[in-house]
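This report introduces a single protein chain to a reader who has not met it before. Please keep the sequence and the structure in view while reading.

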Amino acid sequence: MALPVAEWQARTARLWAALDPTLRERLAAASLDDAVRLGCDLLRGEEEEEAALARLCHRARTDKEPEAASWYREQGNREFKRGRYQAALRLYSKAASHELPGSPEVSVCFANRSAALLHLGHFEVCLEDIARAESHGYPDRLLPKVLLRKAECLLCLERLQEAQDILGVLESKIALDGVMTTHLTRLKKLSQLKVKLSEKQRCPEPAGEARGGIQGEPEIWEENSSISGASSSLSLSFDADRGRHLVASQDIMPGQSLVKEEAFVSVLCPGESLPLQDGDTAWDTRATNVDLYCHCCLRQLLASVPCQGCSYAKYCSQDCADVAWQQYHRTECSLGALLLTLGVFCHVALRTVLLAGFPEVSRLVAWSHRGGKNLQSPEARCKPLSDAGAGSRGIPGCGSNGRYQSSYQALFHLLPHTEQHSPEHKFLCTLSVVAICKQLQAAGLEAAVLNQESPQQRSKPKTCEKTSDELSPELKTVAEAMLRHVLQLQCNAQAITVMQELGPGDGAVVDKKPVRLATAFFPVLSLLNHSCCPNTSVSFSGTAATVRASQPISSGQEVLHCYGPHWCRMRVAERQQLLSQYFFECRCRACLQELESGVQSVMSIRNSFCCPKCQAQMQGEEDTLCCSNEACATSASRDHLSGRLQDLQQQIKKALDLLRVGKADQAVKMLLKCQMDAGTFLSPEHLLMGEMEDHLAQVYATLGKWQEAARHLKKSIEIVEMHHGPSSVETGHELFKLAQILFNGFAVSEALSTIQRAEGILSVHFGPQSAQIQELQEMKACLSELPRNILQRT
């Protein structure tokens with residue numbers, strides 16, 4: 001959720017409508033600092049608005065709640081008893097995040113979680129959780145249980161001496177207890193572990209060669225001397241129409257890395273919905289982004305380390321927790337519910353200011369007051385670096401040495417488009433950032449924001465210290481910088497995406513889709529202009545972005561990135577409407593061809609309705625569509641056909657729900673019926689026809705019918721290639737799934753050729769070190785090791 005919750009948007013809209021027309025005009029034309037000042041005046045003493053915002057924040061609780069912890073732990077125990085260890089693991093993590101730090105209860109959460117980790121085979125992480133349990137005061141009477149678990153982990157990790165030491169401690173502890181009957185089960189387990197230890201010590205396993213992941217060829221990379229994180233094959237240029245942009249300074253080949261940039265700031269998107277609604281009596285067991293990814297580095301979580309102050313923030317390690325606390329979370333911790341209510345854009349804006357530091361923020365805000373009118377003039381911007389020499393020092397975002405760096409200065413110079421935003425939107429953003437700054441002041445966090453804390457103050461959560469209702473001049477400066485960043489984000493926010501598994505992820509064929517994980521600022525990546533037919537592909541690893549050429553780029557050609565609506569997925573009119581949020585009219589090659597020719601795009605034809613009688617294309621711009629076959633002359637209502645399409649999509653969703661609950665046979669029947677229905681009114685090349693082939697392949701793979709699965713997936717690939725092209729990332733993903741099916745179906749020769757083709761496409765878009773490439777290489781190595789006579793027969 002980028003913007004504030006709907007209720008706060010509606011409330012600010014009513015406030016805007018109730019303003020005096022003269023004041024609305026002033027706000028509409030106000031500069032950023034004037035807007036903040038007027039916003040402060042409007043919210044001063046408005047207890048009703050503060051109370052309304054507090055009520056909204058109550059729905060997004062982020063405080064520690066021991067009752068919630070107890071409930072989550074009980075749910076985890078139930079899942080554990082059922083053998084659902086992955087579900088138990090996540091529920092124990094939720095429980096730990098709600099327990100008070102240092103309490104015996106949190107130690108039990110870590111101990112319980114260590115049991116789930118042991119069953120899942122994560123022995124090193126299991127040992128870490130056991131150590132956490134011990135450090136948080138795990139009850140002495142329960143210690144033999146975790147010591148047995150610790151010894152078992154050490155045995156599995158071949159750390160035999162440590163295992164022997166733990167078993168000795170355990171024997172002594174049980175002997176001292178005196179009541180031997182309470183330990184009968186543990187004594188039996190202990191004797192079994194001692195036998196295992198003895199066997200391992202007598203017959204150590206041969207060392208053999210370590211088989212780690214197969215490593216691809218290292219990428220050749222030479223960094224640009226004038227643009228941080230960019231390849232030496234690029235140069236920075238400027239013209240009045242395109243602003244700052246990147247151009248190839250030499251011929252570039254597909255797959256070549258062009259930009260490698262760490263996000264200046266990133267904020268995890270919370271997920272589908274807020275955990276609690278008014279009147280709820282139970283807590284949500286669903287796992288969202290908040291539970292699955294580290295709030296600092298964005299890497300996938302296994303056993304999260306909870307924040308000591310709130311129940312929201314979770315980290316992959318204590319190191320990440322410490323870094324986050326020192327850099328920004330000590331300020332954000334008590335504001336969690338407010339930030340969730342006011343949206344990710346406001347959260348990114350606050351964190352940007354905290355990471356930059358108040359001295360740098362204050363310096364640039366003051367500079368904008370002195371020369372702000374020149375920020376958007378061509379004279380104040382850039383010339384090509386190749387022409388510039390000392391003149392390049394005038395490029396916004398460049399340092400005094402003329403180098404464009406991924407820095408706060410570069411981020412600050414991204415255009416906020418203050419004049420283009422609607423007055424109502426600016427009003428919403430202004431009141432939201434002012435509300436955050438008022439809360440910072442009321443909670444006694446101003447010193448933290450202004451970098452005026454002592455190290456002792458930084459180590460403990462803040463208590464509420466209600467101060468004056470008037471914002472200090474420093475916090476008004478912070479509010480102005482935040483307002484600038486919120487407005488910048490509409491055109492410069494970058495979605496960090498991750499390939500996420502659909503379904504339980506325990507099948508032979510894993511289906512994945514890209515999902516938005518976080519919102520971030522990438523100052524160098526923001527230099528790339530949009531095209532509906534881009535020549536680059538962007539991938540992410542944690543908080544780092546890599547831009548690669550997806551096709552040959554000639555020297556002098558602009559390097560382009562797609563902001564969202566690709567020409568393959570949407571008609572030009574729809575694309576132009578979506579792109580209007582960026583305050584420009586797209587004039588890329590795909591748009592111009594479609595607009596100037598006046599001919600219906602190939603994409604529109606392929607995704608068209610067909611005649612229910614003769615299957616020819618239905619055409620027309622009005623509500624009534626007519627068959628293109630003059631001999632047929634059938635007509636149909638566009639609304640009627642669109643309704644059939646929506647009904648079909650609902651039926652497909654129901655079929656997939658059946659598959660998720662293990663009813664594959666019923667899912668096949670429903671999908672085959674959907675396919676027959678679709679054939680009566682959709683073009684054979686319609687993308688939904690391809691999606692149904694993909695779903696059928698997935699169901700047949702679940703049933704172990706590999707040949708049938710491969711047949712359907714090949715049909716899906718044909719349609720995907722028609723829409724996206726044979727070298728597209730979409731085709732690469734489909735080929736990856738086909739490789740999995742052929743591998744599991746033991747179609748060796750065809751699997752090897754499919755692996756080779758998938759590897760060629762995906763390495764261009766994601767690089768040779770990506771997880772999918774590694775998996776393809778492992779499949780290829782496994783197949784290549786088969787005896788020659790088997791390879792010849794298949």
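Glu621 sits in the loop that runs between β13 (618–619) and β14 (624–627). In this predicted model, Glu621 counts as exposed because its relative accessibility is 68%, and on the surface Glu621 joins Glu622, Asp623 and Asp639 in a patch of negative charge.

**Annotated regions**

The UniProt record, an unreviewed entry, lists residues 638–665 under "coiled-coil region", and in the model this span is 89% helix and 0% strand, with its end C-alpha atoms 34 Å apart. The same kind of record, again an unreviewed entry, places "domain: MYND-type" at residues 294–333; there the chain is 38% helix and 10% strand, and the end C-alpha atoms lie 15 Å apart.

**Salt bridges**

Side chains of opposite charge can pair when their charged atoms come close. A search of the whole structure finds 30 salt bridges, and the table gives some of them.

| Pair | N to O distance |
|---|---|
| Glu50 and Lys438 | 3.7 Å |
| Asp694 and Lys737 | 2.6 Å |
| Glu734 and Lys737 | 2.9 Å |

How many residues apart are Glu50 and Lys438, and which helices hold them? The two are 388 residues apart, with Glu50 in helix α4 (residues 47–58) and Lys438 in helix α19 (residues 423–442), and the pair therefore links distant parts of the chain. Glu50 is partly exposed, at a relative accessible area of 34%, whereas Lys438 counts as buried at 12% relative accessibility.

Lys737 takes part in a salt bridge with Asp694 and also in one with Glu734. Because Asp694 belongs to helix α28 (residues 687–702) and Lys737 to helix α30 (residues 729–744), their pairing ties together parts that are 43 residues apart in sequence. Glu734 and Lys737, by contrast, are three residues apart in helix α30, which means that about one helical turn separates them. Asp694 is buried, with a relative accessible area of 8%; Lys737 is buried at 9%, and Glu734 is likewise buried at 9%.

Elsewhere, Arg113, Glu128, Asp129 and Arg132 are joined into one network by salt bridges that share partners.

**A buried histidine**

Helix α31 (residues 748–766) contains His765, which counts as buried because its relative accessibility is 5%, under the 20% limit for that class. His765 lies 8.5 Å from Ser728, C-alpha to C-alpha, although 37 residues separate the two in sequence.

How values were computed. Residues are numbered from 1 along each chain as its sequence is written. This is a predicted model: local features need pLDDT of at least 70, side-chain atom pairs count only at pLDDT 80 or more; totals for chains, interfaces and linings use all residues. Side-chain values use heavy atoms; hydrogens and water are left out. Patches are made of residues with over 30% relative accessible area and no salt bridge: like charges are joined within 9 Å, nonpolar side chains (Val, Leu, Ile, Met, Phe, Trp, Tyr) within 5 Å. Accessible areas come from the Shrake-Rupley method with a 1.4 Å probe; for residues, only the protein chains shown count as cover. A salt bridge is a side-chain nitrogen of Lys or Arg within 4 Å of a carboxyl oxygen of Asp or Glu. Lys and Arg count as positive and Asp and Glu as negative; His and the chain ends are not counted. The place of a charge is taken as NZ of Lys, CZ of Arg, CG of Asp or CD of Glu. Helices (H or I, at least four residues) and strands (E, at least two) are DSSP runs, numbered from the N terminus. Buried means under 20% relative accessible area, exposed over 50%, partly exposed in between (1.4 Å probe, protein chains only). UniProt positions are given in the numbering used here, feature names are shortened, and annotations may be inferred rather than shown by experiment.
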